[in-house]
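Trainee: I'm new to this structure. Could you show it to me and walk me through it?

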Amino acid sequence: MKSSVLLFFAAAALAQAPAGFEYFPAAKLNGYSASLKAKEPTVQAKSNIKMMMATETFGDQANFNFVIARRDENGEPELHADWNDIFIAKEGEGTLIIGGKLEGGRTTGPGETRGGKIVGGRMQRLAPGDMAVIPAGMPHQTNVEKGKSVFYMVIKVKK
């Protein structure tokens, strides 16, 4: 009996994961903060702006993807017409500016606006373990205090 149970678990371990399934252990995800710090500063390809931020995209599917990011200075205001963002803070702290109206932004791609300023937005602290859902069409900006950083995941879901 013992050998058949062991054989079953060995076969299950060797079996291929179902198509579309992806697994990212916490140890691997948590290790990205340091590796992303080593990539900074980066130049945002679409906007050609140098920012103290580094990202890596995973699970890039037609209707969702997720990005793991480390930010060491304020981001630009942004608005995604067709994508909902779900932020999950892992390390450090930041402040989201959400809502209001995005003024003076520039189009960086279909349905994507960045830059300018958010007028009439509200501030929301983001600390480790916190999650924030930003619906498509809502202006938002991620800020950090000088000398600090925030490491977070963004799950992007097409509306």
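Mentor: Happily! Helices (H or I, at least four residues) and strands (E, at least two) are DSSP runs numbered from the N terminus. This is a predicted model, where local features need pLDDT of at least 70, side-chain atom pairs count only at pLDDT 80 or more, and totals for chains, interfaces and linings use all residues. Residues are numbered from 1 along each chain as its sequence is written, and side-chain values use heavy atoms, leaving out hydrogens and water.

Trainee: Which strand is Asn-143 found in?

Mentor: Look at residues 140-143. Asn-143 belongs to that run, which is strand E14.

Trainee: Is Asn-143 buried or exposed?

Mentor: Buried means under 20% relative accessible area, exposed over 50%, and partly exposed in between (1.4 Å probe, protein chains only). Asn-143 has a relative accessible area of 13%, so it counts as buried.

Trainee: Which side chain makes a polar contact with the side chain of Asn-143?

Mentor: A polar contact is a pair of N or O atoms within 3.5 Å; within protein, one must be able to donate a hydrogen and the other to accept it, and residues adjacent in sequence count only if both atoms are side-chain atoms. At 3.3 Å, the partner is the side chain of Gln-141.

Trainee: Which strand gives the largest share of the largest nonpolar core?

Mentor: A nonpolar core is a set of buried Ala, Val, Leu, Ile, Met, Phe, Trp, Tyr and Cys residues joined through side-chain atoms within 4.5 Å. The largest one has 14 residues, with Phe-87 and Tyr-152 among those with the most contacts inside it. Strands E4, E6, E7, E13 and E15 each supply at least two of its residues. The largest share, 3 residues, comes from E15.
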